[in-house]
Amino acid sequence: MSPKSAELLQILPVRPKPDLSKLVKAPMAGTIVQLDLKVGDTVIAGQEVCVLEAMKMQNSLVVASGGVVKKVNFSAGSTVNKDELIVEIE
């Protein structure tokens with residue numbers, strides 16, 4: 001690294017990491033087998049929000065923090081890709 005690059009690197013602000021605790025994203029591509037939430041439902045931390053089937057295995061997806069369901073982007077039977085937003089919590 002050049003001296004100028006090292007100098008500029010020292011003054012760059014640290015980018016804060018986004019808060020993903022209110023989002024449920026698909027950890028891998030697959031099919032949503034079960035999704036029993038609708039907008040307005042109340043969820044608690046650790047509650048299962050959907051079941052994703054990938055490679056003949058069913059994976060439970062849980063919400064990291066509680067709140068009210070703001071948006072549900074898919075329904076049971078939908079196919080999702082990795083990192084697609086399934087549920088958003090307020």
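Two strands pair if DSSP finds at least two bridges between them, and with that rule in hand, here is a short tour. This is a predicted model in which local features need pLDDT of at least 70 and side-chain atom pairs count only at pLDDT 80 or more, while totals for chains, interfaces and linings use all residues. Residues are numbered from 1 along each chain as its sequence is written, and side-chain values use heavy atoms, with hydrogens and water left out. Strands (E, at least two residues) are DSSP runs, numbered from the N terminus.

**The β5-β4-β2-β7 sheet**

- β2 and β7 are antiparallel partners, joined over two bridges.
- Across that pairing, Gly30 sits opposite Val80 in β7.
- Both strands belong to an open sheet of four antiparallel strands, ordered β5-β4-β2-β7.
- Its edge strands are β5 (57-62) and β7 (79-80), each of which pairs on one side only.

**The β1-β8-β6-β3 sheet**

- Another open sheet has four strands in the order β1-β8-β6-β3, again with antiparallel pairing.
- β1 (23-25) and β3 are at the edges with a single partner strand each, so one side of each has no neighbour in the sheet.
- Strand β3 (residues 42-43) pairs with strand β6 (residues 67-72) over two bridges, in the antiparallel sense; here Thr42 has Val68 in β6 as its bridge partner.
- β6 and β8 run antiparallel and are joined by three bridges.
- Along these two strands, Val72 stands opposite Val87 in β8, and Val69 has Ile89 as its bridge partner in β8.

**The nonpolar core**

- The largest nonpolar core (buried Ala, Val, Leu, Ile, Met, Phe, Trp, Tyr and Cys residues joined through side-chain atoms within 4.5 Å; buried means under 20% relative accessible area, exposed over 50% and partly exposed in between, with a 1.4 Å probe and protein chains only) has 17 residues.
- Ile32, Val43, Ile86 and Val87 have the most contacts inside this core.
- β4 (48-54) and β8 (85-89) are the elements that give two or more residues to this core.
- Ile32 has contacts (heavy atoms within 4.5 Å) beyond four places in sequence that include Val51, Leu52, Phe74, Val80 and Ile86.

**Gln34 in β2**

- Gln34 is located in strand β2 and is partly exposed, at 34% relative accessibility.
- Beyond four places in sequence, Gln34 is in contact with Glu48, Val49, Cys50 and Val51.
- The C-alpha atoms of Gln34 and Val49 are 8.4 Å apart, with the two residues 15 apart in sequence.
- The side chains of Gln34 and Asp36 make a polar contact at 2.9 Å (a pair of N or O atoms within 3.5 Å; within protein, one must be able to donate a hydrogen and the other to accept it, and residues adjacent in sequence count only if both atoms are side-chain atoms).

**Salt bridges and the Asp41 loop**

- There are two salt bridges, each defined by a side-chain nitrogen of Lys or Arg within 4 Å of a carboxyl oxygen of Asp or Glu.
- One of them joins Lys38 and Asp41, with the closest N and O atoms 3.4 Å apart; Lys38 is exposed, with a relative accessible area of 56%.
- The backbone nitrogen of Lys38 also lies 3.0 Å from a polar atom of the Asp41 side chain.
- Asp41 itself is in the loop between β2 (30-34) and β3, and its contacts beyond four places in sequence are Asp36, Gly67, Val68 and Val69.
- Glu88 and Lys70 form a salt bridge through their side chains (3.6 Å, N to O).
- Glu88 is in strand β8 and Lys70 in strand β6, so this pair ties together parts 18 residues apart in sequence.
- Lys70 is partly exposed, at 44% relative accessibility.
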